[in-house]
Amino acid sequence: MNILVLVKQVPNTTEMMIDKENGTLIRAGVESIANPDDLTGVELALELKEKTNGHVRVITMGPTQAEDMLRGLYGMGVDDAVLLTDKRFAGSDTWATSNILSAAIKRYPYDLIIAGRQAIDGDTAQVGPQVAEALGLPQVTYVHDVTHYETSSLTVIKSLEEEKLTLRLPLPGLITVLSEAREPRYLNVKDVMTAHQKPLETLTFDDLDLSLDAVGLKASPTRVKRTYTKEIVQKSPVQTLSPEDAATLILKHVVGHH
Amino acid sequence: MTKQTHALWVFIEQRSGLIQPVGKELLSEARRLADTADRPVNVVAVLLGHEMHEAAQSLEAYGPDEILYVDDPRLEHYDVFPYADALTRLIKQYSPTIFLLGGSVIGRDLAPRLSMRLDTGLTADATHLALQEDADTLLLEATRPAFGGNLYATILCPNTLPQMATIRPGVFTEVHTPHTKAQMHVIQFEALEAPKVVFLERKVKQRSAQDIAKANVIFSIGRGAKASLNTAKQVADALGATVASSRALVDEGVMVKDQQVGQTGKTIRPNIYVALGISGAVQHTAGMDKAELIIGVNTDPNAPIFGVSNISIVADAHAVLEAMASQLNAIE
């Protein structure tokens, strides 16, 4: 089974701090990691690879620093890694990002595409279904488990708000996975040792069958009109209390209220 | 239906023939938005289903000008292929200006697929909507918290139609507008795309805890009170309250996603929300700032949680929980 996994590099926090002077994100000192849902996707791909004698290729779009993340994924046991990087890709919204990713995917053989449900920096959950649409593939989002595989289909459990559905996805197809599905494996020593010798494929705009009006900030249909921070105005006087007094005050409000 | 008037469409999600609250919430918000505009804006409820005529008619109560109901056996249960196909055909026929969908698991499966098919922009999980009127354009301003912290971004989709956005369940409230009479259109399409994914089995999820969306009193636990999670559960049990948490504890695997409050969790409106050791990033407050009484407990007097707290207590949430437990024991 040929499996492609889409992975995004994200800041290792869900609470970015804002520079009060100019309203921009403070990126200094914030470590980059592979997005948690995506790492679970890599884990599921590696399990399927082991069971089917398959091949796992990871694809990411981002600045050249994303190479470090890809080397780390080699350390988990992926076979190939592709970095899509180009200044012309900068500022892409999800529509443009999905154009770029699907154009890249068309260069490789695949039976299954795995994406994380959503990335912790944007939380949109859009790129997986958009890539499936661009490639004309069936999809199952919010996958909580993969229970069975055949050459022509995959049986998965999809997690909805109140229920779980068991579904059969024909292949080729795309799934987006929840981090609850699997704990990603640790790096293994042998693969880490060879990670630095493995070739990293880098693709730019010129390698893809795409027009300029499908990529980057200018082509993106959504625009950020403005960003702003809300000044925190304390809504009530802040009182410093001993734990005992605080407990009494809270209980006074809560007791008998249910 | 006229094309000249701007139309604001709302996707009405149904499951097993039951209209889901998020559709009514968005319809109510769409009515409010349309009423703020200087020009006529047509609010249209869009329902896909099978043998749901009465349910379609009942949407009148939430103030749409028109109801588009597509009846087809393939639309009885949600599947992305017939749903995206039906909506694409409707959108090409009527050219709505704006299209709002719920940010449920179904909405988040459908909306991105549709935005790609229509080559238009989609804003994810907006928490505030407004209209911007220019000479002959009507733009949706969709605002959402970005990157946690305190940053908001207002996003437009100025050059492509429809301008799409998803909104999470619970962000807006249902409002009845009794006087309205909506024009009903029942539509049937030839040969909608067939589902490709095969349904095998359905299981209702085991509830691991009480539903935080229905609780009157919530004790919500953040990083600052992680150590006393068990105490919090005991105290909540004794008081008939329900325990919820911030995103941090869910990411760490200490709490389950069902109990997470915030933009990426649930949006709730309890009578009392006690935030224990939660800093209160916008990502979190977006899910609870409409609670009637908010009590914030944090060691940092500048914590953003105090921006939404009716009672602001600087104290160690861990110690406060232990003190509550011993005071309750003393009463018993």
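**An interchain sheet and two nonpolar cores**

In this predicted model, 4 strands form an open antiparallel sheet in the order 12(A)-10(B)-9(B)-8(B); strands are DSSP runs of E, at least two residues long, numbered from the N terminus, and two of them pair if DSSP finds at least two bridges between them. Strand 12 (223-229) of chain A and strand 8 (128-133) of chain B are the edge strands, each pairing on one side only. From one strand to the next, the twist averages 25°, where axes are lines fitted to C-alpha atoms (for helices over the stretch in contact) and angles run from 0 to 180 degrees between N-to-C directions.

Strand 8 of chain B is joined to strand 9 (residues 138-146) of chain B by 6 antiparallel bridges, and Leu129(B) lies opposite Ala142(B) of strand 9. Helix 1 (residues 21-36) of chain B (helices being DSSP runs of H or I, at least four residues) packs on the sheet and touches both of these strands (contact: heavy atoms within 4.5 Å), its direction making about 30° with that of strand 8 of chain B.

The largest nonpolar core (buried Ala, Val, Leu, Ile, Met, Phe, Trp, Tyr and Cys joined through side-chain atoms within 4.5 Å; buried, under 20% relative accessible area, 1.4 Å probe, protein chains only) has 43 residues, with the most internal contacts made by Leu112(A) and Ile175(A). Helix 2 (residues 66-76) of chain A supplies its largest share, 6 residues. A second, separate core of 37 residues includes Ala247(A), Phe219(B), Val250(B) and Ile313(B).

Residues are numbered from 1 along each chain as its sequence is written, and chains are lettered from A and ligands numbered from 1 in the order in which they are written. Local features need pLDDT of at least 70 and side-chain atom pairs count only at pLDDT 80 or more, whereas totals for chains, interfaces and linings use all residues; side-chain values use heavy atoms, with hydrogens and water left out.

Technical notes: Buried means under 20% relative accessible area, exposed over 50%, partly exposed in between (1.4 Å probe, protein chains only).
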